[in-house]
Amino acid sequence: MLKLSLRLKPAVWFSTPTYALKLLRELNDNKYFPRKIVVGGEKLLDTYIKEFKKYKIEVYNLYGLTECNPIGFSDSKAPKKIKAFYDNIYLETIEPAQGLELVVNDFTNTSTPVIRYRTKDIITSIKKEKGIIKEFEIVSRNDDLIKLRGEFVSKSKIIEVLSDFSLEF
């Protein structure tokens, strides 16, 4: 992958954030870095965003599920804020004990419609229009939570705190 990137010098990469950072660290001695990276598949942590900014790379976050069409995309100025971009995907929330869980209804796929699919992503709803979520930020995953001393703690939050010290784990 490194040799191919050095030879072709693509301006945009699509990757998980951790793999993109691994490649960037290995490319560190070279003059080539992509101008933009579209990440997905993992939670985009603040430490990852800071690391991308060190390389002067614009970061975009693509949010989607295997079970339906892509749901949203972020702006590079606020890569953790996902904006839903399909009018026929209806996003709503339910409230388990851990917070607001995103629920997806995808009416675009007529052969296998996704109706009230629980994503297990705990979000903060930032913008709604007519009761439909149009903009949100992922806080954690419902199945990512563990209980410590009676409090729910996200494993990704632990990773985020540890990544302030090292990205090598």
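**Exercise 1. Place isoleucine 82 in the fold and decide whether this residue is buried or exposed.**

Solution. Isoleucine 82 belongs to strand E5, in a model that is predicted. The second step is to take its relative accessibility, which comes to 1%, and to set this value against the cut-off, by which a residue under 20% relative accessible area is called buried. Isoleucine 82 therefore counts as buried. As a last step, one may relate this position to another part of the chain: serine 125 stands 43 residues away from isoleucine 82 in sequence, while the C-alpha to C-alpha distance between the two is 9.9 Å.

**Exercise 2. State how many helices and strands the protein has, what box its C-alpha atoms fill, and what share of its residues is buried.**

Solution. Begin with the secondary structure, where the protein has 4 helices and 11 strands. Then turn to the extent along the principal axes, for which the C-alpha atoms fill a box of roughly 50 × 45 × 25 Å. Finally, of the 169 residues in the protein, 38% are buried.

**Exercise 3. Give the volume of the largest pocket, and describe which residues and elements line this pocket.**

Solution. The volume of the largest pocket is about 570 Å³. Its lining consists of 25 residues, and those closest to the centre are Gly41, Glu42, Lys43, Leu44 and Ile138. Next, look for the elements that contribute two or more residues to this lining: they are strand E3 (58-64), strand E5 (78-84), strand E9 (132-141) and helix H4 (155-163). The largest share, 4 residues, is supplied by E3. To finish, sort the lining of the largest pocket by class, which yields 11 nonpolar, 8 polar and 6 charged residues.

**Exercise 4. Carry out the same analysis for the second largest pocket, giving its space, its central residues and its lining by class.**

Solution. The second largest pocket holds about 170 Å³ of space. Of the 12 residues in its lining, Lys43, Val139, Ser140, Ser154 and Lys157 are the closest to its centre. The elements that give two or more residues to this lining are E9, strand E11 (151-154) and H4, and E11 gives the most, with 3 residues. Divided by class, the lining of the second largest pocket contains 5 nonpolar, 3 polar and 4 charged residues.

**Exercise 5. Count the salt bridges, and for the pair of glutamate 26 and lysine 22 find the N to O distance and the placement in the chain.**

Solution. It helps to recall that side chains of opposite charge can pair when their charged atoms come close. The cut-off used here is a nitrogen to oxygen distance within 4 Å, and under this rule the count is 6 salt bridges. In the pair of glutamate 26 and lysine 22, the closest N and O atoms are 3.1 Å apart. Both residues sit in helix H2 (residues 17-26), separated by 4 residues, or about one turn of the helix. As for accessibility, glutamate 26 is partly exposed at 42%, and lysine 22 is likewise partly exposed, at 40%.

**Exercise 6. Analyse the salt bridges of lysine 80 with aspartate 46 and of glutamate 129 with lysine 127, including the accessibility of each partner.**

Solution. Lysine 80 and aspartate 46 form a salt bridge with an N to O distance of 3.1 Å. This pair links distant parts of the chain, since lysine 80 is in strand E5 and aspartate 46 is in helix H3 (residues 46-54), 34 residues apart. Lysine 80 has a relative accessible area of 17% and is therefore buried, whereas aspartate 46, with 35%, is partly exposed. For glutamate 129 and lysine 127, the N to O distance is 3.8 Å. Glutamate 129 is partly exposed, with a relative accessible area of 39%, and lysine 127 is partly exposed with a value of 39%.

**Exercise 7. Identify the residues of the nonpolar surface patch, and determine the accessibility of leucine 148.**

Solution. The patch, of about 310 Å², is made by Ile146, Leu148, Ile158 and Leu162. Strand E10 (145-148) and H4 each contribute at least two of the patch residues. Leucine 148 is located in strand E10, and because its relative accessibility is 45%, leucine 148 counts as partly exposed. Patch membership requires over 30% relative accessible area, and the 45% of leucine 148 can be checked against this cut-off.

Note on methods: Residues numbered from 1 in each chain as written. Predicted model: local features only at pLDDT ≥ 70, side-chain atom pairs only at ≥ 80, totals over all residues. Heavy atoms only, no water. 1 Å grid on protein atoms, 1.4 Å probe; cavity = no way out; pocket = protein on both sides within 12 Å on 5 of 7 lines; lining within 4 Å. Points joined across faces, edges and corners; volume = space filled by probe spheres on them. Nonpolar A, V, L, I, M, F, W, Y, C, P; charged D, E, K, R; others polar. Salt bridge = Lys/Arg side-chain N within 4 Å of Asp/Glu carboxyl O. Buried < 20%, exposed > 50% of the residue type's maximum accessible area, 1.4 Å probe, protein only. Patch = residues over 30% accessible without salt bridge, like charges linked within 9 Å, V, L, I, M, F, W, Y side chains within 5 Å. Areas by Shrake-Rupley, 256 points an atom, 1.4 Å probe, with all protein chains shown as cover.
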